[in-house]
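Subject: Handing over a structure, with notes

Hello,

I am passing a protein structure on to you, and below it you will find my notes on what came out of it. Please open it and keep it in view while you read.

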Amino acid sequence: WLVFFAWLPYLHVFERGVEHRRQLLRMGFVTSLVYVLIMFNWIALVTVPGLVGMVLLYTVVFYLLFVCINRIYRAWPFWRYVGFVSLLLAFEFVENFGELRFPWFNLGYSLADYNILVQLADVVGVVGLSALILVINVLLYQLLPFGQKLLLARKNSPANVLHPLRNRRVGSFVLSLLIFAVWLGYGYKCLRDLPLEKHDAGIFVVQPSIPQDLKWERDQYYKSMAVFKDLTLKAAADSAKLVIWPEGAVTNYLMRMPEIQTDLRDILDAAQVDIFTGFPDRTPAPENHVNSELYYNSASLFSPDNFYQAIYYKNIVIPVAERMILLDQLPFMWKLQFGQANWEFGKELRYYESGGFKFSPSICYEVAFPDIFHRMALPIDPASGEIQKCDYLVNITNDAWFGTSYGPWLHAVMARFRAVENRIQIYRSANTGISLVVDPKGRILAKTDLFEVKDITAPLYTTPKVPLISKIHRYPWLIVALALLLVAASLFRKIGRPL
């Protein structure tokens with residue numbers, strides 16, 4: 001809830017004006033340090049230099065953002081709040097693109113524990129939730145005494161349009177209440193009235209909790225498969241029809257090694273269920289490639305009577321951690337090795353059917369990307385041009401790298417936002433947790449604790465609703481365009497002195 005107040009100090013600094021950029025650099029460093037140490041402290045468990053690198057990278061990013069915001073405040077004071085909000089939203093949104101994409105900074109995710117507020121994501125998406133948070137900050141700033149004093153000191157200020165001062169404060173207070181009333185009202189209506197149909201689909205999620213330091217050891221493979229077999233047989237005895245294993249559950253090249261396929265077939269024959277699992281895969285590389293083979297983080301569905309189905313290759317890989325950046329543009333980067341696998345990018349989504357229900361999978365941090373989830377949940381039939389909504393989505397991951405830190409929780413709750421944005425149920429299998437099942441209302445129907453060895457299941461709920469955000473999910477580009485326009489305009493206007 002502190003997110004509704006968190007930007008007040010920044011608003012006050014920009015309202016006064018900053019004359020020396022070194023002050024903005026210090027602000028950028030402090031902001032980056034706080035953000036990264038809270039949001040990404042778990043990266044130190046994998047690489048301390050990587051954590052330091054993130055602090056430095058985001059110091060530069062925030063410094064540039066603050067320079068632009070400060071310029072707009074001083075050059076176009078009437079548009080300063082629009083500039084403040086649009087630039088911060090543009091920063092959040094553009095982190096969805098490029099080889100350095102890592103969209104974990106969204107303010108909207110701070111509402112993860114307030115499911116009633118998350119419901120509006122099916123209209124405005126997580127970017128829209130961030131926008132409302134920033135607008136609330138701006139309105140609250142105008143209610144504060146020191147904020148009022150600076151607002152009235154400006155000649156070209158929206159505050160001076162609504163004299164006397166009391167009217168301005170009343171207007172901000174009423175507008176804040178109105179926003180929350182509509183926001184909460186919409187959330188309540190969705191939680192109460194969204195039509196859901198219940199199905200006994202027999203979908204189970206497995207959490208084996210294989211230690212990360214042992215997972216890829218040669219001797220661990222058979223021990224891990226024994227754990228998977230035991231959990232799968234228990235699920236089968238409890239009416240399972242589909243059992244979901246986590247990312248990289250099979251640690252060998254399953255599709256290229258007949259002896260490993262035999263191990264999985266034995267479990268399929270014993271349990272007589274479908275199994276969806278992650279595994280590494282490789283294919284021959286084209287001529288002139290630096291490697292002889294291409295490697296993929298992959299997954300597929302396996303059935304007792306249909307073993308060979310299309311393989312899903314992870315479309316979005318984690319920069320540096322899973323693939324060094326700019327390998328195609330700068331071939332010498334192949335020589336840099338920090339323990340990453342250098343997976344290739346998958347280029348297609350996949351759709352599978354089990355027990356009469358259709359689903360599409362994602363792997364690991366793909367859950368942080370709303371756009372790919374829209375395409376997974378709401379594929380368009382090429383023949384009719386109409387949306388053919390999936391019945392549910394599957395997300396598999398391995399968060400064992402992050403121990404008992406904040407990372408696994410933050411990663412897991414993103415599933416709530418993707419479920420609401422698409423009004424679709426999500427089954428999430430994480431090696432060491434947090435595994436969960438989220439329904440189309442964002443309710444967590446079942447979940448595990450970290451490092452539990454456990455099966456979980458929940459009935460499948462479907463709804464015919466196609467959310468508005470799936471049709472307008474590109475609207476943040478308008479915000480990016482507005483931010484760029486204000487920055488460009490501020491460069492051609494004489495700036496005023498700080499207050």
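The accessible surface of the protein comes to about 22,100 Å², and carbon and sulfur atoms account for 63% of that area. Please keep in mind that this is a predicted model.

To begin with the overall build, the secondary structure comes to 15 helices and 14 strands, and the C-alpha trace spans about 80 × 55 × 45 Å along its principal axes. A compact globule of 499 residues would have a radius of gyration near 23 Å, and the protein has 25 Å, which agrees with that expectation. Of the 499 residues, 56% count as buried. If we take the contacts with a separation of 6 or more, 72% of them are between residues 24 or more positions apart.

Helix H4, which covers residues 80-94, is a good place to try a simple check. At 1.5 Å a residue its 15 residues should span 21 Å, and because the C-alpha atoms at its ends are 21 Å apart, the model agrees with the expected value. This helix is also mostly covered, since 13 of its 15 residues are buried.

After H4 the chain runs into a loop that leads to helix H5 (115-118), and Arg 101 lies in that loop. Is Arg 101 buried or exposed? Its relative accessible area is 18%, and because buried means under 20%, Arg 101 counts as buried. Leaving aside residues up to four places away in sequence, Arg 101 touches Glu 95, Asn 96, Asn 315, Ile 316, Pro 319, Phe 345, Tyr 365 and Phe 369.

On the surface, there is a nonpolar patch of about 580 Å², made by Phe 29, Val 30, Leu 33, Val 34, Leu 37, Ile 38 and Tyr 406. Tyr 406 sits in the loop between strand E9 (392-397) and helix H13 (407-422), and with a relative accessible area of 31% Tyr 406 is partly exposed.

For an exposed residue, you could look at Leu 485, which is found in helix H15 (residues 476-491). Its relative accessible area is 56%, and because exposed means over 50%, Leu 485 falls in that class. Leu 485 and Tyr 312 are 173 residues apart in sequence, and their C-alpha atoms are 40 Å apart in space.

Some details of the backbone also deserve a careful look. Which residues does a cis peptide bond join? They are Gly 433 and Ile 434, with an omega of about 10°, and Ile 434 has its place in the loop between strand E10 (425-430) and strand E11 (436-438).

Ser 239 has a positive phi of about 75°, although it is not a glycine. Ser 239 is found in the loop between helix H10 (220-237) and strand E3 (242-244), and this residue is partly exposed, with a relative accessible area of 48%. Cys 364, which is not a glycine either, has a positive phi of about 55°. The loop that holds Cys 364 lies between strand E8 (357-363) and helix H12 (370-377), and Cys 364 is buried, with a relative accessible area of 7%.

Best wishes

Notes:
Residues numbered from 1 in each chain as written. Predicted model: local features only at pLDDT ≥ 70, side-chain atom pairs only at ≥ 80, totals over all residues. Heavy atoms only, no water. Helix = DSSP H or I, 4+ residues; strand = E, 2+ residues; numbered from the N terminus. Expected span 1.5 Å × (residues − 1). Buried < 20%, exposed > 50% of the residue type's maximum accessible area, 1.4 Å probe, protein only. Patch = residues over 30% accessible without salt bridge, like charges linked within 9 Å, V, L, I, M, F, W, Y side chains within 5 Å. Areas by Shrake-Rupley, 256 points an atom, 1.4 Å probe, with all protein chains shown as cover. Salt bridge = Lys/Arg side-chain N within 4 Å of Asp/Glu carboxyl O. Rg over C-alpha atoms; globule rule 2.2 N^0.38 Å. Contact = heavy atoms within 4.5 Å.
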